[in-house]
Amino acid sequence: MSELLDKFQLYFQFPFVRYALVVGVLIALCSSLLGVTLVLKRFSFIGDGLSHVAFGAMAVAAVVGLTNDMLLVMPVTIICAVLLLKTGQNAKIKGDASVAMISVGALAIGYLLMNLFPTSSNISADVCATLFGSTSILTLTQFEVWLSVALSAVVVIIFILFYNRIFAVTFDENFANSTGIKANAYNLLIAAVIAVVIVLAMNLVGSLLISALIIFPALSAMCVFKNFKAVTICSVCISIFCATAGILFSIIVSTPVGPTIVVADIAMFAVFRVIGAINSKRNKI
Amino acid sequence: MAQISCKELSIGYESHIVAEKLNFEINAGDYFAVVGENGAGKSTLIKTLLGLIKPLSGEIVFGEGLRKNEIGYLPQQTVVQRDFPASVFEVVISGCLSSMGSRPFYGEREKKSAKENIEKMGLVGLEKRSYRELSGGQQQRVLLARALCATRKLILLDEPTSGLDPKVTAELYDLIEKLNKGGTTVIMISHDIGAALEYANKILHIGAEIFFGDTSDYLISEIGRKFTGNGGDENE
Ligand SMILES: Nc1ncnc2c1ncn2[C@@H]1O[C@H](COP(=O)(O)OP(=O)(O)O)[C@@H](O)[C@H]1O
Ligand SMILES: [Mg+2]
């Protein structure tokens, strides 16, 4: 045990480990906040599509040689979020079909660009890193850390300020509209915030695994709790716990960070599922 | 001056007219029933009154100090997602949002109003229960309590009793009648013509023909007799 502590102490002397942990926890916090809304509004497919868009934008940023790719990736992802939501609502092209088009298109273009204009000798490692986020969380610059802190703060503040209205819009859009809440405006807000979260989370788990980070904590919490507030709080706790555990574990055993966190989330989901089943059985007796 | 008056109102979606030339007035304290065949445009009318969709032509005038956000609404079907985690209290208090302006959080006034309306609807003891786990009648009462949080003045009910068994239906009608006696204007869409005739003082019939007037006049009008099956030829 003391050996383990020594090891942690040693690791924590490196700033990159501290950065990784701070940013990891913040990302976990943000991604779980909107998970409940996303799952319930059937927006989870948008999350998936957007992460691929972010991948494509990242490839473009790399090719163009931007030193700070967030400046390109963030606006592109937000615009796509808004577009996806709009097309999803006017059903000329079916919502999920248009998401599939955009997400697969972005993946293909991204990979093509990375191959045509390689920025390093090992392309597949680069691609793998963007898809599964293998090391980027450990190579954060101080600027990126501060940017993540600022964006997380914005996400959390928006969520808290609009919490009651987000609940109303998620629960019953028609009624919300009738009380003068502009449901569509809130849908756009939610989509924009999701885009921000996704771009943030790419650093941690890579673009393919982001949806897991958003959805699993919410689904776990929904197994056990029956009101919105408890579910939200619980999914935040689960998400932060899994991210911390996953990051520490991966540093010690040197597994890839993203998949380790996601596996922790899956394990947690199994646990909550069982608790939920036991609870409902007990209620029936 | 009426609370709501409509002149030459046409309603529908984009260029597709559902009903036109609607002229009627709703006064404070009315129990106003909207009847008609399925697909006649009853729900469309309600959505237009709420401002969820725009009238195609004609005008809607709100009077007696009634503001647009002072209408409580009970939607026809609230398709709440399976497993939606929401407690009764959370659902009811969300009705208060309309009167909060840009204030982000509920205050004492909203909590008090939610509690009162939960009491009024006979839901005491269920506040912490999950909305999804309630029976159909209890769910409707929760939504009615939510509508009451949005307003005291006027509530709009879109087929409030569809899918409920007769006993629960009767209880719900009783509650609505009490609200009306307490001074709340009630606008109710009903597929249940019997209940509409029993409780409402004004009837609006929309469809191929349009009728607006007192319930007693409706009963002796030709269109009313047809629709209610009193000597009409439209008996199913
Ligand atoms: N969102 C919509 N877009 C276009 N047409 C609609 C929409 N909703 C309903 N309609 C059409 O409007 C007509 C009236 O519907 P509705 O008002 O729901 O009838 P009711 O409530 O009287 O049964 C129907 O023919 C229906 O097909
Ligand atoms: Mg209807």
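This is a guided tour of a predicted model, with a suggestion at each stop of what to select in the viewer and a description of what is there.

**Stop 1: chain A as a whole**

Begin by selecting chain A and showing it as a cartoon, where you will find 14 helices and 0 strands. If you follow the chain from the N terminus, each element that you meet is therefore a helix, in the run α-α-α-α-α-α-α-α-α-α-α-α-α-α. Of the 285 residues in chain A, 49% are buried.

**Stop 2: a helix inside chain A**

Now narrow the selection to helix α9, which covers residues 163–171 of chain A. How many residues of this helix are buried? The count is 9 of the 9, so helix α9 of chain A is largely enclosed by the rest of the structure. To see them one by one, show the side chains of Y163(A), N164(A), R165(A), I166(A), F167(A), A168(A), V169(A), T170(A) and F171(A), which are the buried residues of this helix.

**Stop 3: a loop in chain A**

Select F225(A) next, in the loop that joins α12 (210–224) to α13 (228–253) of chain A. With 33% relative accessibility, F225(A) counts as partly exposed. Add F272(A) to the selection and draw a distance between the two C-alpha atoms, which are separated by 9.9 Å although the residues stand 47 apart along the chain.

**Stop 4: ligand 1 and its surroundings**

Turn to chain B and select ligand 1, together with the residues that surround it, namely Y13(B), V18(B), E37(B), N38(B), G39(B), A40(B), G41(B), K42(B), S43(B) and T44(B). You may like to colour this shell by residue type, in which case it divides into 3 nonpolar, 5 polar and 2 charged residues. Which element gives the largest share of the shell? That element is α1(B), which contributes 3 residues.

Three of the contacts with ligand 1 can be looked at separately. For Y13(B), a polar side-chain atom lies 3.1 Å from a nitrogen atom of ligand 1. For G39(B), the atom to find belongs to the backbone, being an N or O atom that lies 2.7 Å from an oxygen atom of the ligand. K42(B) also places a backbone N or O atom 2.7 Å from an oxygen atom of ligand 1. On its own, ligand 1 has 570 Å² of accessible area, and the protein covers 59% of that.

**Stop 5: the magnesium ion**

Select ligand 2, the magnesium ion, and look for its protein donors, which are atom OG of S43(B) and atom OE1 of Q76(B), at 2.0 to 2.4 Å from the ion. These two residues are 33 apart and link distant parts of the chain: S43(B) belongs to helix α1 (residues 42–50) of chain B, while Q76(B) sits in the loop between β5 (71–74) and α2 (88–93). Q76(B) has a relative accessible area of 32%, and is partly exposed. S43(B) should be familiar from the previous stop, where it appeared among the residues surrounding ligand 1.

**Stop 6: two backbone angles and a side-chain contact**

Staying in chain B, select E8(B), which is placed in strand β1 (residues 4–13). Its phi angle is positive, at about 45 degrees, although E8(B) is not a glycine. E8(B) is partly exposed, with a relative accessible area of 43%.

Then move to E159(B), in the loop between β6 and α5 of chain B. Here too phi is positive in a residue other than glycine, with a value near 45 degrees. Is E159(B) buried or exposed? E159(B) is buried, its relative accessible area being 8%.

T161(B) is found in the loop between β6 (154–158) and α5 (166–181), and counts as buried at 6% relative accessibility. Show its side chain along with that of Y173(B), since the two are joined by a polar contact of 3.3 Å.

**Stop 7: the cysteines**

Finish by selecting the cysteines, for which a search of the whole structure finds 0 disulfides over all chains. Why is C96(B) not bonded to C149(B)? The sulfur of C149(B) is the closest cysteine sulfur, but at 3.8 Å it is too far for a bond, because a disulfide needs the two sulfur atoms to be within 2.5 Å. In chain A, the sulfur of C30(A) has its closest cysteine sulfur in C237(A), 14 Å away, which is also too far. C30(A) is buried, with a relative accessible area of 1%, and C96(B) counts as buried as well, at 2%.

Definitions and conventions: Residues numbered from 1 in each chain as written. Chains lettered and ligands numbered in written order. Predicted model: local features only at pLDDT ≥ 70, side-chain atom pairs only at ≥ 80, totals over all residues. Heavy atoms only, no water. Donors = N, O, S within 2.8 Å, 3.2 Å for Na, K, Ca; no water. Helix = DSSP H or I, 4+ residues; strand = E, 2+ residues; numbered from the N terminus. Buried < 20%, exposed > 50% of the residue type's maximum accessible area, 1.4 Å probe, protein only. Near = heavy atom within 4 Å. Polar contact = N/O pair within 3.5 Å; in protein donor to acceptor, adjacent residues only side chain to side chain. Areas by Shrake-Rupley, 256 points an atom, 1.4 Å probe, with all protein chains shown as cover. Nonpolar A, V, L, I, M, F, W, Y, C, P; charged D, E, K, R; others polar.
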